[in-house]
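Dear colleague,

I am handing over a structure for you to look through. Please open it first, and then read the notes underneath with the model beside you.

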Amino acid sequence: MGRGQSADPSLTCLQHTLTGHSGKVLSARFLLDNTRIVSGSYDRTLKLWDLRSKVCIKTVFAGSSCNDIVCTEQCVMSGHFDKKVRFWDIRAESIVKELELLGRVTSLDLNHDRTELLTCSRDDLVKIIDLRTDAIRQTFSAQGFKCGADWTRVTFSPDGVYVAGGSADGALYVWNVLTGKLDRTLDRNHNSAINSVSWSPSGTYVASVERGSKTILWSDM
């Protein structure tokens with residue numbers, strides 16, 4: 001926001017409250033048309049919401065608690081407590097396919113062209129899955145890296161060259177996708193497990209949030 005500009009008050013207040021899940025909502029994502037939202041819950045369902053009518057238009061029983069969701073133009077991918085990533089055709093309300101990992105799935109993210117899926121699971125492994133072949137292309141790990149919760153998030157950098165994830169020991173780990181190796185470890189700032197990380201759109205900064213609600217902004221990434 002430039003100097004002298006003020007925010008539109010209508011955009012800084014609550015717009016909608018969507019109710020219907022019977023358990024905690026652990027993830028919600030806009031579909032690409034920005035008029036619908038998919039949410040995943042501890043109640044083992046996914047719900048599709050229409051923001052124009054402000055109602056739930058579809059409910060799909062997933063069979064397991066949903067920890068995270070990502071979307072492409074035609075598919076919704078959900079990561080679950082039962083170690084599975086499920087691929088949904090929302091139009092048909094059916095599972096297209098499933099991939100099983102070695103631990104409970106805590107996080108999903110897509111690269112910028114939506115051809116690769118990044119996963120994190122409770123076996124302390126971060127993986128890149130090629131969505132064109134459904135094959136695991138890379139697996140990242142590091143001495144000391146430990147997934148601290150069922151909702152620990154990892155993320156691609158905007159250019160897809162790096163992957164960042166927070167650990168139970170309060171350190172931020174950054175891997176290089178091109179080399180497959182750990183690029184750096186940033187520690188000694190958080191006091192508890194890091195639950196979430198997010199890159200700035202420019203890729204210059206990373207924000208990390210710990211379980212104790214402390215947020216750190218890292219520069220020169």
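The notes below go through the repeats, the sheets, the cysteines and the pocket.

This is a predicted model, in which local features need pLDDT of at least 70 and side-chain atom pairs count only at pLDDT 80 or more, while totals for chains, interfaces and linings use all residues. Residues are numbered from 1 along each chain as its sequence is written, and side-chain values use heavy atoms, with hydrogens and water left out.

The UniProt record, an unreviewed entry, places the feature "repeat: WD" at residues 18-59, 154-185 and 187-221; UniProt positions are given in the numbering used here, feature names are shortened, and such annotations may be inferred rather than shown by experiment. Residues 18-59 are 0% helix and 55% strand, with end C-alpha atoms 13 Å apart, and residues 154-185 are 0% helix and 53% strand, with end C-alpha atoms 14 Å apart. Here helices (H or I, at least four residues) and strands (E, at least two) are DSSP runs, numbered from the N terminus.

In general, strands of a sheet pair through backbone hydrogen bonds, either parallel or antiparallel; two strands are said to pair if DSSP finds at least two bridges between them. One open sheet has four strands in the order β1-β2-β3-β4, with antiparallel pairing, and its edge strands, each pairing on one side only, are β1 (25-30) and β4 (55-61). Within this sheet, β2 (residues 36-41) and β3 (residues 45-50) are joined by five bridges, and Ser39 has Lys47 in β3 as its bridge partner.

Another open sheet of four strands follows the order β9-β10-β11-β12, again with antiparallel pairing, and its edges are β9 (105-110) and β12 (135-140). Five bridges connect β9 with β10 (residues 116-121), where Ser107 has Cys120 in β10 as its bridge partner.

Strand β15 (residues 172-176) deserves a careful look, since five of its five residues are buried, where buried means under 20% relative accessible area, exposed over 50%, and partly exposed in between (1.4 Å probe, protein chains only). Leu172, Val174 and Asn176 lie on one side of β15, and Tyr173 and Trp175 on the other. On one hand β15 pairs antiparallel with β14 (residues 162-166) over five bridges, with Tyr162 opposite Asn176, and on the other hand β15 pairs antiparallel with β16 (residues 182-186) over four bridges, with Leu182 in β16 as the bridge partner of Trp175. Five residues separate the strands in the hairpin of β14 and β15, where Gly170 has a positive phi of about 85°, and five also separate those in the hairpin of β15 and β16, where Gly180 has a positive phi near 75°.

The structure holds zero disulfides, a disulfide being a pair of cysteine sulfur atoms within 2.5 Å. Cys75 is in no disulfide, and its nearest cysteine sulfur, that of Cys71, is 8.6 Å away. The sulfur of Cys147 is 3.9 Å from that of Cys120, which is too far for a bond. Cys147 is buried, with a relative accessible area of 2%.

Finally, I looked at the open spaces. The largest pocket has a volume of about 540 Å³; a pocket is an open set of points on a 1 Å grid where a 1.4 Å probe fits, with protein on both sides within 12 Å along at least five of seven lines, and lining residues have an atom within 4 Å of a point. Of its 25 lining residues, the closest to the centre are Arg29, Asp109, Leu110, Thr155 and Phe156.

With best wishes

Conventions:
Points joined across faces, edges and corners; volume = space filled by probe spheres on them.
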